[in-house]
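Visitor: I have a structure to go through at the bench. Please walk me through its sheets and helices.

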Amino acid sequence: MGKSDSFYILTDTHYVSKKNFTENSDFRRREKGDQIALVHSAEILRSFFKKILEDKETDAVLITGDLVNNGDRNSHEDFKNELKILTDAGKRVFVTTATHDYCGMGEDENFFKSIRYTDKGTEPIPHVRKCELLPLYYDFGPAQSDSVHEESGSYSLKLFGGVRLIAINDNGNGRSHCGLFDDGFKWLEEEIDKANNNNEKVLLAVHHPVIPPWDIYRHVAEFELFGGYKRLSELLCEKGVRVIFTGHTHVQNIRKYESVKGGYFYDVATTAAVSASGKMRKVEISEDRKTCDIKSIGIETIEGVDTKGKSARDYIYGLNFVGLLDNNINLVKSDFKKFEEEVDGFISKDKLEKHPHLFRFALLKGQKLKLSTLAKLSKKYNGMTKSEIKQLGKEPALPHLIKVAASAFGGNAPYPPDTAVYKIATGITAKIDKINSKHHLSFLDKIIPEGQTLTDVAIPMLYNNRTGNDDEITIEL
Ligand SMILES: [Fe+2]
Ligand SMILES: [Fe+2]
């Protein structure tokens, strides 16, 4: 394998400049519930960069959007300075931008606001407009490319000999359209055709997903998919492009799309660098250009942050909603006031204090719920024997539920069909499906896509029933 045959992909770095909050501001509260780390986004980014610099064989890095968190100028300036860590070491750096990277300010539906958190509250700070993104990051992709689509800022460049990267700058508005318009599609088609005629393999990258991480995502948040994802999917199949790298959902996920007309491709979605499950992908292209091998690499520690002995994963996990609940659930019984303090920001303290007894009662009941109780409840549908249920003993259900929620982002959920949790979970959903088929439960319409059942929705949350591994894959190009 030659030196120039591999590159790294990071996404959703959600960088926040240190100038944007004071030590005693409400910013830490804001961080809770976002499911990403914001206060130490800079240190997390540098920790990933340190790993990249240690790898002398790889000379290229691609970052696919949501570079900063709120489209403010401070964060963009500091983020570009961070990129210098890589470029000064001789790495080629390419970026695309997305909805968090600019502020619409009424010009479009993008609703991000650039603010600074002070000791007294918040104040507006200079923001970056959408039209400024191309010049701002011109040196990170467009300058090295042989074709730029001016309107979107997408670009096409020779990544290695025989390998072309087409980076779609999908700076849509984040609400009604996140992809390319007709003109952009035409440019993209021409670029793929040019590459195919030159016998170059094409790798595509874009921020918003082309295939949703779960079918339910398409059902409840279709506007967050790449605008024109159906058109793009068919185009990739038709032109023989085998892989597109995406971000945005913060979900580590690999999915294959097969067209009824023939052809297929993979959407390799990478989780947010600043999430508890934060990873980057290393992509190695074989010397004969026939395959690309994708692996995932996380960070063990956060450079320059006192995490009190915690790993990077455990530290970030403890900041956000699943981790907050997981780490503080025992306080519900022993010190409910402290529980309220700890989860404030994720569950508002005001809300909890409106009905403290009700919340406490519900949370205590939830803690006491046993797997065996759920197994008995769904016995007719879960296929478990009496002795299997007996073996569950007093095993509580909540830690498993939390594990499912945590792995929704990190990928590779741990409950394949031979596990008790899978049998119980699908037993319960099958029971609900049965009730739903008899007495149409209208609230389920919001969750279940047409033609599917609740069990269909649940299974991909329990284990990777698609490619087998969300962290690794080898794709024939
Ligand atoms: Fe993001
Ligand atoms: Fe995004």
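Guide: Two strands pair if DSSP finds at least two bridges between them. Helices (H or I, at least four residues) and strands (E, at least two) are DSSP runs, numbered from the N terminus. This is a predicted model, where local features need pLDDT of at least 70, side-chain atom pairs count only at pLDDT 80 or more, and totals for chains, interfaces and linings use all residues. Residues are numbered from 1 along each chain as its sequence is written, while chains are lettered from A and ligands numbered from 1 in the order in which they are written.

Visitor: How many bridges join strand 10 to strand 12?
Guide: Strand 10 covers residues 243-246 and strand 12 covers residues 264-269. One bridge sets Thr246 against Ala269 in strand 12. The two strands run parallel, and the number of bridges joining them is four.

Visitor: Which strands are at the edges of the sheet ordered 6-7-8-9-10-12-11?
Guide: That sheet is open, with seven strands and mixed pairing. An edge strand here pairs on one side only. The edge strands are strand 6 (147-149) and strand 11 (253-258).

Visitor: At what angle does helix 5 run to strand 8?
Guide: Helix 5 (residues 182-197) lies across strand 6, strand 7 (154-160), strand 8 (163-168) and strand 9 (201-206). Axes are lines fitted to C-alpha atoms, for helices over the stretch in contact, and angles run from 0 to 180 degrees between N-to-C directions. To strand 8, helix 5 runs at about 175°.

Visitor: Why does one side of strand 3 and of strand 15 lack a neighbour in the sheet?
Guide: The strands belong to an open sheet of six, with mixed pairing, in the order 3-2-1-13-14-15. Strand 3 (92-96) and strand 15 (473-476) stand at its edges, so one side of each has no neighbour, because each has a single partner strand.

Visitor: Which residue is the bridge partner of Cys292 in strand 15?
Guide: Strand 14 (residues 291-298) pairs with strand 15 over four bridges, in the antiparallel sense. In strand 15, the partner of Cys292 is Ile475.

Visitor: Which residue of strand 2 stands opposite Ile9?
Guide: Strand 1 has four bridges to strand 13 (residues 279-285), running antiparallel. There, Ser6 is partnered by Glu284. Strand 1 also pairs with strand 2 (residues 60-64) in the parallel sense, again over four bridges. Opposite Ile9 in strand 2 stands Leu62.

Visitor: Is strand 1 (residues 6-10) buried or exposed?
Guide: A residue is buried if 20 or more other C-beta atoms lie within 10 Å of its own, exposed if 12 or fewer, and partly exposed in between, with C-beta atoms placed from the backbone. Ser6, Tyr8 and Leu10 cover one side, Phe7 and Ile9 the other. Five of the five residues meet the cut-off, so strand 1 is largely enclosed by the rest of the structure: buried.

Visitor: Which residues of helix 11 meet helix 9?
Guide: Helix 9 (residues 321-328) and helix 11 (residues 336-343) pack at about 160°, with axes 10 Å apart. They are therefore roughly antiparallel, a term for angles over 145 degrees. Leu324, Leu325 and Asn328 in helix 9 meet, in helix 11, Phe339, Glu342 and Val343.

Visitor: How many other C-beta atoms lie within 10 Å of Leu462?
Guide: Leu462 is found in helix 19 (residues 454-462). Leaving aside neighbours within four places in sequence, its contacts (C-beta atoms, placed from the backbone, within 7 Å) are Val404, Ala413, Tyr415, Tyr422 and Ala425. Leu462 is buried, because the count of other C-beta atoms within 10 Å is 21.

Methods:
Two residues are in contact if their C-beta atoms, placed from the backbone, lie within 7 Å. Angles under 35 degrees count as roughly parallel, over 145 as roughly antiparallel, 65 to 115 as roughly perpendicular and the rest as oblique.
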